[in-house]
Amino acid sequence: MSVTDKSFIGSIPELYDRLMVPLIFEYCARDLAARAVALAPRSVLEVAAGTGVVTRALAAGLPADTRLVATDLNQPMLDQARKQLANAPHVIFRQADAQALPFDDAQFDVVLCQFGVMFFPDRAKAYREAKRVLKPGGHYLFNVWDRIEDNEFADEVTRALAPLFPSDPPRFLPRTPYGYHDPNAIRADLDAAAFETVSIAPLATLSNAPSPNDAAMAYCQGTPLRTEIEARGGSLEEATRIAAAAIARRFGHGAVSSRIRALVVTAK
Ligand SMILES: C[S@@+](CC[C@H](N)C(=O)[O-])C[C@H]1O[C@@H](n2cnc3c(N)ncnc32)[C@H](O)[C@@H]1O
């Protein structure tokens, strides 16, 4: 993993929240939050909470006296999340690395993480941390993206940008967010952290954008792919234009839709 893969900073938090979240994160956030709410927890820890799309769904679905703590490695992501939860002062935001959680043992009924575990360099360590802070019998819920070929806008953007940087194509998307989907590897990592009951279920839907440019801008400018383009001396505007043209060729002009597919993991 490149060091910049986990850097959701600078312009990224605002663009991520405005463009990426409605494009691919909201549907899965509702699903993950509903699974947590169904467990009727009294205390919930969210790791890698980002700009708070799951946190908002949890705050809406859980009683206000539930202890709800949202953490992320990057404080700028939490600052963006706080802005949209200004009317929910009971939600606690705290900067934290999922691999070294600043909480005592056996504090939470549920630990959950939406599309974050792919960013942890040592996943078994992060899973052990989740287990440590869970109460006995607690649940760890998380989701990951399935293969990039099953997530068509991401795949198209990756293919479209490769010829722009032939000697060193940007590989952030396939390497990290779409790089951890083998159920056997996921089960082995959870096994190493001594989780006992593990289920993995697919979740598929459509991703919708008002235009090819909106979808291209989301990926090229609202994720660490932006940093990869800039590090190669590329122009963000040109990269976005090329990605938008590729999306338009495959999915049409005007409003566009493509398939997305995730895996939802429940561990006990
Ligand atoms: C794709 S975003 C997902 C954010 C949010 N859960 C959502 O659904 O929109 C990945 C998040 O992982 C966070 N992250 C990366 N490495 C992390 C780590 N070691 N510990 C905690 N969070 C981390 C990033 O800051 C980013 O907010």
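What is the handedness of the crossing of α5 and α10? Keep that question in mind; the tour reaches these helices at its second stop. The model on your screen is predicted.

**Stop 1: the core**

Start with the largest nonpolar core, which has 85 residues. Select Val111, Leu112, Val157, Tyr219 and Ala243, the residues with the most contacts inside this core. Next, colour helix α1, residues 12-38. Helix α1 gives the most to the core, with 12 residues.

Now centre on valine 111. Leave aside its neighbours within four places in sequence. Valine 111 is then in contact with Leu45, Val47, Ala130, Val133, Leu134 and Tyr140.

**Stop 2: α5 and α10**

Select helix α5, residues 152-161, together with helix α10, residues 236-251. Their axes are 9 Å apart, and the helices pack at an angle of about 125°. The pair is therefore oblique. Here is the reply to the opening question: α5 and α10 cross in a right-handed way.

Show the side chains at the contact. From α5, pick Phe153, Glu156, Val157, Arg159, Ala160 and Leu161. From α10, pick Ala239, Ile242, Ala243, Ala246, Ile247 and Arg250. This contact has 9 nonpolar residues, no polar ones and 3 charged ones. Val157 and Ala243 also appeared at the core, among its residues with the most contacts.

**Stop 3: α1 and α3**

Return to α1 and add helix α3, residues 75-84. The two axes come within 9 Å and cross at roughly 50°. α1 and α3 are therefore oblique to each other. The crossing of α1 past α3 is right-handed.

Which residues make the contact? On α1, select Pro13, Glu14 and Asp17. On α3, select Pro76, Met77 and Gln80. The contact divides into 3 nonpolar residues, 1 polar and 2 charged.

**Stop 4: helix α2**

Select residues 53-61, helix α2. Of its 9 residues, 7 are buried, so α2 is largely enclosed by the rest of the structure. The buried ones are Val53, Val54, Thr55, Arg56, Ala57, Leu58 and Ala59.

What covers them? The cover includes the helices α1 and α3. It also includes the strands β1 (43-46), β2 (67-72), β3 (91-95) and β4 (108-114). Show these elements around α2 before moving on.

**Stop 5: along β3**

Stay with strand β3 and pick isoleucine 92. Is isoleucine 92 buried or exposed? Isoleucine 92 has 11 other C-beta atoms within 10 Å, so this residue is exposed. Setting aside neighbours within four places in sequence, isoleucine 92 is in contact with Leu68 and Val69. Add threonine 71 as well. Isoleucine 92 and threonine 71 are 21 residues apart in sequence and 8.4 Å apart in space, C-alpha to C-alpha.

**Stop 6: two positive phi angles**

Move to the loop between β3 and β4 and select alanine 106. Alanine 106 is not a glycine, yet its phi is positive, about 55°. With 12 other C-beta atoms within 10 Å, alanine 106 is exposed.

Then go to the loop between β4 and α4 (123-133) and select phenylalanine 115. Phenylalanine 115 also has a positive phi, near 50°, in a residue other than glycine. Phenylalanine 115 is buried, with 21 other C-beta atoms within 10 Å.

**Stop 7: helix α4**

Select the buried residues of α4: Arg123, Ala126, Tyr127, Glu129, Ala130, Lys131 and Val133. They pack against β1, β4, β5 (134-145) and α7 (183-192). Ala130 and Val133 were met earlier, as contacts of valine 111.

**Stop 8: threonine 227**

End in helix α9, residues 225-231, at threonine 227. Is threonine 227 buried or exposed? Threonine 227 has 20 other C-beta atoms within 10 Å, so this residue is buried. Not counting residues up to four places away in sequence, threonine 227 touches Thr4 and Ser7.

For a last view, add arginine 67. Arginine 67 and threonine 227 lie 160 residues apart in sequence. In space, the two are 36 Å apart, C-alpha to C-alpha.

Notes:
Residues numbered from 1 in each chain as written. Predicted model: local features only at pLDDT ≥ 70, side-chain atom pairs only at ≥ 80, totals over all residues. Core = buried A, V, L, I, M, F, W, Y, C linked by C-beta atoms within 7 Å. Helix = DSSP H or I, 4+ residues; strand = E, 2+ residues; numbered from the N terminus. Contact = placed C-beta atoms within 7 Å. Axes fitted to C-alpha atoms, helices over the stretch in contact; angles between N-to-C directions. Parallel < 35°, antiparallel > 145°, perpendicular 65-115°, else oblique. Left-handed = near helix turned anticlockwise from the far one by under 90°. Nonpolar A, V, L, I, M, F, W, Y, C, P; charged D, E, K, R; others polar.
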